[in-house]
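Thanks for making the time. I have one structure to go through, and I will take it piece by piece.

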Amino acid sequence: MSEDAVPEPDAEVESIEPDELKERIDRGEEVFLLDTRASDAFEAWHIDGPNVTTHNVPYFEFLFDDVPEERLDGIPDDRPVTVLCAKGDSSEYVAGTLRERGYEVTHLARGMNGWAELYEYHELDTGTDVTVAQYQRPSSGCLAYLVVSGDEAAVVDPLRAFTDTYRQDARALGAEITHALDTHVHADHVSGVRRVAAENDAEAVVPQAAAERGIDFETPYTTVEDGETVSVGETEIEAIHAPGHTTGMTAYRVGDVLFTGDSLFTESVARPDLEAGAEGAAEAAADLHETLRDTILPLPADTVVAPGHFSGNAETVDGAHVARLGDLEAWMAALSMEREAFVAFVRSDMPPRPSNHETIVAINLGERDADDREAFELEQGPNNCAASQDALTGD
């Protein structure tokens, strides 16, 4: 039975909005989630966190007139339970079944689709007149940035699904978007560079080395090379070529803030195989080692590393996923490894490749089209752009 044809629950069940659930998790409340999607969908992608317990029982297991007791094993009857599914329909039915049995239960409105719609705004403390805001997508760990100087604004690594958000936030800060920049050809989400440019009469900017992969789309764009700058209001955004994750990977620097894209995260370094493939991963890893050693680490220790992704357990600074470069150098052993050890290390524990990454890359290169619905569905799942499934930092 599809989720579009689920039976109506006999008991009335309250729903919880995705942002309310996220607030509970952020407050450190102990949250129990019953995920009723198919097991393969659950294994590929689910909500987690240090204070989140997630239990998977597929929806069809509850389609009995009298649900067998063994189906309820692992579902606590002495604490609140939130049931979720893909779209929010079957979870309501399952929650109703549990409510009839005396469970304290809610269901997640719009399910994992609703979770994927969450997009959070956090301003960084730059100590300057330039406003830098970080956008966080909890469902995938994707990060984007808004840079506002005077009455002009730029978006770094925008997601196509949230182009209206960037424009509204820029205008709330008294600015119009003049530039949209990508750090590289993304493999985990559909880039919003073209749409932001088109809807705001702005300039789309991509790294020259990324364009050389074969970018071919109708929207006019300009390229930027290592050391060149993009003027936004009274500030300059400097391009810093940082190959390794991809050949075109480029970091952008605004004052003390370094948008590292997918080269350096606050808990890990980039994986080297998404463009190069398994056969080219060693060479790409060596390029990444050179980028980190010769380009990024020589920057001032107070440089604020603002990455392109975060993991579910990553710590924040005033709500933002950032870290001082000097701290990362002290915490992350990979940053002090010699080349041979580094190459072996980053290839030793790589997670599965991002879901649908080949299709997403083709869309971002302009090789194929996707409507908004398809793009949204393609993006669902973890980003998996880091070299390790676990954090590489520690005390």
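Start with Asp318, which sits in the loop between strand 17 (304-307) and strand 18 (323-324). This is a predicted model, so read every value I give as computed from that model. The phi of Asp318 is near 50°, which is a positive value in a residue other than glycine. Is Asp318 buried or exposed? Its relative accessible area is 71%, and exposed means over 50%, so Asp318 counts as exposed.

Another residue with that kind of backbone angle is Arg110. Its phi is near 65°, again positive and again in a residue other than glycine. Arg110 is placed in the loop between strand 5 and helix 4. Its relative accessibility is 35%, so it is classed as partly exposed.

Arg110 also brings us to the charged pairs. In general, side chains of opposite charge can pair when their charged atoms come close. The model has 20 salt bridges in total. Which residue does Arg110 form a salt bridge with? The partner is Glu17, and the closest N and O atoms are 2.8 Å apart. This pair ties together distant parts of the chain, with the two positions 93 residues apart in numbering: Arg110 comes from the loop between strand 5 (105-108) and helix 4 (111-116), and Glu17 from the loop between strand 1 (15-16) and helix 1 (18-26). Glu17 has 32% relative accessibility, so it too is partly exposed. The pair does not stand alone, since Glu17, Arg110 and Glu117 are linked in a network of salt bridges.

Two further pairs. Arg24 and Glu29 meet through their side chains in a salt bridge, at 3.1 Å from N to O. Here the two ends fall into separate classes of cover. Arg24 has 14% relative accessibility, which is under the 20% limit, so it counts as buried. Glu29 has a relative accessible area of 30%, so it is partly exposed.

The other pair is Glu275 with Arg213, a salt bridge whose closest N and O atoms are 3.5 Å apart. It also links distant parts of the chain, 62 residues apart: Glu275 is in the loop between strand 16 (257-261) and helix 8 (277-296), while Arg213 is in the loop between helix 7 (208-211) and strand 12 (221-224). Glu275 is partly exposed, with a relative accessible area of 29%. Arg213, at 25% relative accessibility, is also partly exposed.

Now some charge outside the salt bridges. Which residues form the negative surface patch? They are Glu212, Glu225, Asp226 and Glu228. Taking one of them, Glu228 is located in the loop between strand 12 and strand 13 (229-232). Its relative accessible area is 37%, and patch residues need over 30%, so Glu228 passes that cut-off while still being classed as partly exposed.

Next, a strand under cover. How many of the residues of strand 8 are buried? Strand 8 covers residues 142-149, and eight of its eight residues are buried. That holds for both faces: Cys142, Ala144, Leu146 and Val148 are buried on one side, and Leu143, Tyr145, Val147 and Ser149 are buried on the other.

Strand 8 has a neighbour in strand 7 (residues 131-137), and the two run antiparallel, joined by seven bridges. Within that pairing, Val132 stands opposite Val147 in strand 8. Strand 7 and strand 8 form a hairpin with four residues between them, and in its turn Gly141 has a positive phi of about 80°.

Strand 8 also pairs with strand 9 (residues 152-156), again antiparallel, with five bridges. Ser149 is opposite Glu152 in strand 9. The hairpin of strand 8 and strand 9 has two residues between the strands, and Gly150 there takes a positive phi near 65°.

Last, Thr246. It lies in the loop between strand 14 (235-241) and strand 15 (250-254). Is this loop residue buried or exposed? With 5% relative accessibility, Thr246 counts as buried, because buried means under 20%. From Thr246 to Glu374 is 128 residues in sequence, and in space the two are 25 Å apart, C-alpha to C-alpha.

Technical notes
Residues numbered from 1 in each chain as written. Predicted model: local features only at pLDDT ≥ 70, side-chain atom pairs only at ≥ 80, totals over all residues. Heavy atoms only, no water. Salt bridge = Lys/Arg side-chain N within 4 Å of Asp/Glu carboxyl O. Buried < 20%, exposed > 50% of the residue type's maximum accessible area, 1.4 Å probe, protein only. Patch = residues over 30% accessible without salt bridge, like charges linked within 9 Å, V, L, I, M, F, W, Y side chains within 5 Å. Areas by Shrake-Rupley, 256 points an atom, 1.4 Å probe, with all protein chains shown as cover. Lys, Arg positive; Asp, Glu negative; His and termini not counted. Charge placed at Lys NZ, Arg CZ, Asp CG, Glu CD. Pairing = 2+ DSSP bridges.
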